[in-house]
Structure formats: C-alpha cells, structure tokens
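The exercises below ask you to read a protein model closely, one step at a time. Keep the sequence and the structure in view while you work through each solution.

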Amino acid sequence: MTVVIAGAAETDEVGKLPHHSTLQLHLEAARNALADAGMTIHDIDGVATVGTPGPIQIAHALGITPAWLDGTGVGGSSFLFHVRHAAAAIRAGLCRTVLITHGESGRSRVGAGRYGMGPDSILGQFELPYGVVGPPTSFTITALRYMKETGLTHEQLAEVAVAQRRWANRNPRAMFQDLITVDDVLASRMVAYPFHLLECCLVTDGGGALIVTTEERARRAPVYLLGSGESAEAPMISQMEDFTTSKAFRLSGEAAFAEAKIGHDDVDHLMIYDAFAHVPIYGLEDLGFVGRGEAGAFIAEGHTSPGGRLPLNTNGGGLSYTHTGMYGMFAIQESVRQLRGEAAAQVPGVEISVVLGNGGMFASAATLVLANRLP
Amino acid sequence: MKPAPKPTPETQPFWDGTAAGELRIQRCLSCERHYFYPRPNCPRCGGDQVEWVRASGRATLYSYVINHRPAPGFEDEAPYAIAVVELEEGVRMMTNIVGVANVPENLPLDMELRVVFEQRGDVHVPLFEPAGGAR
C-alpha cells in the first residue's frame with residue numbers, strides 16, 4: 001500500500017496574527033488542506049495534532065468523528081511523527097485518510113497553551129534554577145563545544161543565517177526578506193553568546209495542515225512517503241550525550257534513508273529544522289550529507305544557497321520565513337511545495353526531498369523522505 | 001527572586017547533600033558507573049541496585065552560553081553564563097559559574113572548576129567557581 005500526502009496547505013497568512021486564536025489557526029489550515037486535497041471532512045477518519053488544543057478538539061470543531069487519533073506531542077518535530085504514525089495506521093487498516101493540523105499563536109499568544117514546568121519537575125530542579133530563559137539560552141548551549149571540537153567559526157555560524165536569507169529574499173511570505181551579510185549578523189544584538197539575534201528563529205503565528213492517505217484515494221498528484229524514522233534523546237539539553245552531534249537526528253535519518261532505499265546523492269532538496277543557526281549544521285552532518293566538522297564550510301561556500309548543489313531551507317526557514325514554536329509543519333509544507341513545483345523559491349527538478357524535524361532541544365527528531373514519483 | 005528547586009522523593013538525597021555542603025550523585029552497583037539526574041535505576045545497564053555517593057566536587061567546563069536577557073531574579077547579574085559542567089565522575093549538569101566575570105576570555109572550555117553552594121529558599125543549589133588550574 002502506497003501512502004501519500006494528498007493535501008497540504010498553510011494558513012492564509014503567517015506572521016503576526018493577533019486576530020486569530022490558536023484553534024482558529026488549526027481550523028483554517030485544516031480547511032485549506034482539505035480544499036487543496038479536493039476533499040471534505042467526510043473523507044477524514046483519522047486526526048493527529050499536538051496537545052494544545054489536541055486531536056479531540058480539532059476533530060470536534062471540524063465535525064469529524066475519528067476512528068483513529070494521535071496526540072503525539074514531542075515538540076516541533078511532532079508533525080513529522082504524525083505523518084509516520086498515520087502511514088503506519090493506514091497500512092494497518094486502522095483508518096483511511098488522516099488530517100494532521102498545526103496552529104500556534106506563538107507570537108500573539110491568543111488561546112495558546114501554557115509554557116513552563118513546575119519547580120518540582122526534573123527540569124525545574126536541575127536546569128531552570130540557573131537562569132534559563134527558554135530555548136535561546138539552552139538549545140544554544142551546545143554550540144561552543146561544537147565550535148571547539150570542530151573549529152567552526154563565529155563567521156561560519158553567521159553564514160547559516162545569511163544563506164537562508166537568500167532563500168527568504170525570494171519568498172514574498174517570509175517575515176524577513178532583505179539580504180544580509182555576515183557583518184550584519186555579527187552586529188545584531190547579542191542574545192546568548194555566541195548567538196546574535198539574527199542567528200535565532202522568529203516567533204510568529206500561523207498554521208499548516210496535511211492530508212495523508214493512500215495513493216488510490218488521492219485526488220491530485222500525490223507526494224509519496226518513501227521512508228521515515230523517529231527517535232529521541234534527552235529531555236534536557238544538559239543531558240545530551242555529546243554536544244557535537246544529535247543521536248536522534250542520526251537515528252531518525254538512518255531509518256528514513258534505509259526504508260526509502262536512497263543515498264545522499266539522490267536527494268534534490270533538504271529541509272532541516274532551524275530554530276537556531278547551529279541546528280542545520282548538526283543536521284547536515286548527522287544526516288550524513290557532509291563529514292563531521294564540514295557543515296560550516298559547506299554552507300559558507302554556498303552549497304545550500306540558491307544555485308547550490310544541496311538547496312536547504314528554501315522557504316527561508318525558522319530564521320527568516322516563520323517560526324510559530326513548533327516549526328516542523330512548515331518544513332514539511334515547503335518540501336511538498338518543492339516536489340509539486342509550486343514553491344516561491346522553486347528549485348528546478350526536485351524529485352526527492354528530505355525533511356528533518358527537531359523536537360524540544362535536540363530532544364526528539366523525525367525524518368521524512370518525500371518524492372513526487374515512485375522509484 | 002531566583003527560581004528555587006522543589007525536591008521530590010527521588011531527588012531529596014541530592015538536595016540533602018547540597019544542604020550539607022556535599023555534591024551527591026548516584027552510582028550503579030552493577031556496572032559501577034555514576035549517573036545524574038537522580039532516578040531509581042541506572043540508565044546505562046538498567047540495574048536498580050544503586051547507591052548515593054559523594055562526588056569530589058571537581059569538574060571541567062563542558063559548554064556554555066552567556067545570557068543577555070536575564071531570567072527573573074538574575075537582573076543584577078546579566079550578562080551571565082549558563083553552563084554545563086562535567087564532573088570528575090563523568091556526569092554532566094547545568095550550573096552557573098561564579099567567582100569570575102562571565103566573559104568569554106575568562107571561560108575557556110575545559111577549565112577546571114570546583115563546586116560551591118548558594119542558598120535559594122529552603123534549598124542549596126550547586127554552582128561552580130574556577131579551581132585555579134584553568135586550561
């Protein structure tokens with residue numbers, strides 16, 4: 001049984017949307033994806049989304065009575081997990097057509113979930129007492145060790161933001177579109193040394209949704225799921241085994257490539273979750289596209305920029321396009337657009353696209369191998 | 001006010017230790033490896049025969065950021081380092097670095113550190129200061 005993405009869409013707008021609640025973002029994205037798929041709520045018998053507001057609320061609000069639900073909430077990678085789990089459920093006959101939704105009022109915080117862990121949680125006892133202020137001060141903490149071990153320079157770290165802005169420059173929906181230089185990045189406000197503002201992701205409102213089903217049920221040219229993988233490492237960044245490589249990135253990538261039976265040379269387009277500038281560097285290495293310590297130079301040399309041999313984060317990424325908080329949905333959406341030939345910054349001839357999603361702070365990861373044709 | 005941890009039954013021995021001026025971590029009796037954070041089973045071999053031991057308090061600086069947007073209670077210290085240190089026993093923990101201005105020039109990775117304790121409400125949190133033998 002061939003599982004495909006038969007519908008994909010984002011909310012009408014992404015960015016600053018104080019007139020939209022979290023729920024409304026989910027529902028708008030869902031309706032847009034259904035329209036994109038040429039389907040209605042009556043075609044949907046499975047629903048997957050993350051905790052707030054959760055699959056029960058989404059199904060009920062849309063008028064769907066689900067025969068299958070998935071509320072896997074493991075951070076921004078969750079929607080890649082949902083695709084993988086939906087494919088397994090469809091193959092197992094548990095349901096036929098799954099709606100996956102994301103909506104997050106990350107910037108305006110309208111109807112949003114509550115952040116924070118209590119002082120008696122493990123995080124509250126062993127990390128929060130040290131003045132952590134969310135991901136900018138903890139997701140980033142691995143970078144100096146990576147820099148010492150590999151020789152990555154501050155300028156190379158800045159090049160990640162520069163390269164992605166080149167893509168955003170071609171994307172009218174991107175929040176930041178003006179081209180920037182390494183000097184601009186290094187001159188931007190220091191958030192948490194060694195990270196400057198332009199090396200940190202945006203905080204926006206928006207949503208996206210996907211319809212996953214069988215090839216037979218698809219009503220438009222499908223995007224095939226050739227392979228997927230998932231894993232997890234530590235719930236706290238301080239307990240990550242090795243600050244220079246993500247175990248969950250490696251394991252999810254290996255599983256996805258093995259199932260898809262592809263090699264790195266087969267990949268035409270790549271999306272790597274970029275909450276901060278170092279994450280694509282880890283992703284390139286942990287997925288095996290370059291050797292250890294080589295990703296910084298690879299990006300600085302332009303190989304991931306427009307015209308390069310491995311187009312990466314072609315929507316502009318979380319650094320320049322949008323980042324609601326759980327960005328993974330937007331990475332999948334851009335892969336689908338590239339495979340359909342509909343992207344704002346379209347790469348010619350994309351047939352296979354890989355998406356690597358991060359959840360938490362190197363805590364979970366999932367990888368999808370997507371294609372617009374079967375091998 | 002800086003956030004204070006609230007002990008739970010499985011972490012209480014750790015916080016009893018810090019109150020007594022000791023850094024206590026767990027060690028597996030089967031594979032003899034130390035581990036952190038506190039939990040009732042060894043994450044390496046799965047063994048549940050474990051003991052609490054006093055760590056030497058010696059550590060090295062594994063990695064850090066210098067935060068320019070202070071958390072509540074840290075306003076007077078910004079910018080300040082949020083660090084991960086590696087204890088001599090091989091486990092790592094998050095902490096702050098005290099006793100030295102928190103600027104990159106003062107904080108070379110792998111510098112030697114030793115534990116000190118700071119009272120927060122009813123508990124004492126472990127912090128680290130330069131041991132003198134940096135680099």
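**Exercise 1.** Determine in which sense β1(B) and β2(B) pair, and then place both strands in their sheet.

Solution. In this predicted model, β1(B) and β2(B) pair in the antiparallel sense, and two bridges hold the record of that pairing. To locate the pairing residue by residue, begin at Q26(B), whose bridge partner in β2(B) is Y35(B). Next, widen the view to the sheet, which is open, has three strands in the order β2-β1-β3 of chain B, and shows antiparallel pairing. Finally, look at the edges, where β2 (34-35) and β3 (50-54) of chain B stand; each has a single partner strand, so one side of each is left without a neighbour in the sheet.

**Exercise 2.** Is E22(B) buried, partly exposed or exposed, and which residues does E22(B) touch?

Solution. First find the position: E22(B) belongs to the loop between α1 (12-19) and β1 (24-28) of chain B. Then count the neighbours, remembering that a residue is buried at 20 or more other C-beta atoms within 10 Å and exposed at 12 or fewer. E22(B) has 17 C-beta neighbours inside 10 Å, and therefore counts as partly exposed. For the contacts, leave aside residues up to four places away in sequence, and E22(B) is then found to touch G17(B) and R54(B). The pair E22(B) and R54(B) deserves a second look, since 32 residues separate them in sequence while their C-alpha atoms are 6.5 Å apart in space.

**Exercise 3.** Describe the make-up of chain B as a whole, and explain why chain B can be called as compact as a globular protein of its length.

Solution. Begin with the elements: chain B has one helix and eight strands, and from the N terminus on they run α-β-β-β-β-β-β-β-β. The radius of gyration of chain B is 15 Å, which is close to the 14 Å given by the globule rule for 135 residues, so chain B is as compact as a globular protein of that length. Along its principal axes, the C-alpha trace of chain B spans about 45 × 35 × 25 Å. Of the 135 residues in chain B, 36% are buried. As a last step, consider the contacts in chain B between residues at least 6 apart in sequence, of which 50% join residues at least 24 apart.

**Exercise 4.** How many residues of chain B are in contact with chain A, and which strand of chain B gives the most to that side?

Solution. The count comes first: 31 residues of chain B are in contact with 27 residues of chain A. On the side of chain B that touches chain A, β4 (58-67), β5 (80-87) and β6 (92-96) of chain B each supply at least two residues, and β4(B) gives the most, with six residues. Sorted by class, this side of chain B has 19 nonpolar, seven polar and five charged residues. The strand β4(B) also takes part in a pairing between the chains, for β5 (residues 190-193) of chain A and β4(B) pair in the antiparallel sense over two bridges. Within that pairing, N67(B) in β4(B) is the bridge partner of A192(A).

**Exercise 5.** Place β1(A) within the sheet of chain A, and explain why β1(A) is described as largely enclosed.

Solution. Start from the strand order, which in this open sheet of nine strands is β3-β2-β4-β7-β1-β8-β11-β10-β9 (chain A), with mixed pairing. At the edges stand β3 (68-70) and β9 (269-272) of chain A, each with a single partner strand, so one side of each is left without a neighbour in the sheet. From one strand to the next, the twist averages 25°. Now turn to β1(A), which pairs with β7(A) in the antiparallel sense over seven bridges, and which two bridges join to β8 (residues 223-232) of chain A, again running antiparallel. The residue I5(A) has V212(A) as its bridge partner in β7(A) and V223(A) as its bridge partner in β8(A). Eight of the eight residues of β1(A) are buried, so β1(A) is largely enclosed by the rest of the structure. To complete the picture, add helix α1 (residues 22-37) of chain A, which lies across β1 (3-10), β4 (98-105) and β7 (205-214) of chain A and runs at about 40° to β7(A).

Notes. Residues numbered from 1 in each chain as written. Chains lettered and ligands numbered in written order. Predicted model: local features only at pLDDT ≥ 70, side-chain atom pairs only at ≥ 80, totals over all residues. Contact = placed C-beta atoms within 7 Å. Helix = DSSP H or I, 4+ residues; strand = E, 2+ residues; numbered from the N terminus. Nonpolar A, V, L, I, M, F, W, Y, C, P; charged D, E, K, R; others polar. Pairing = 2+ DSSP bridges. Axes fitted to C-alpha atoms, helices over the stretch in contact; angles between N-to-C directions. Rg over C-alpha atoms; globule rule 2.2 N^0.38 Å.
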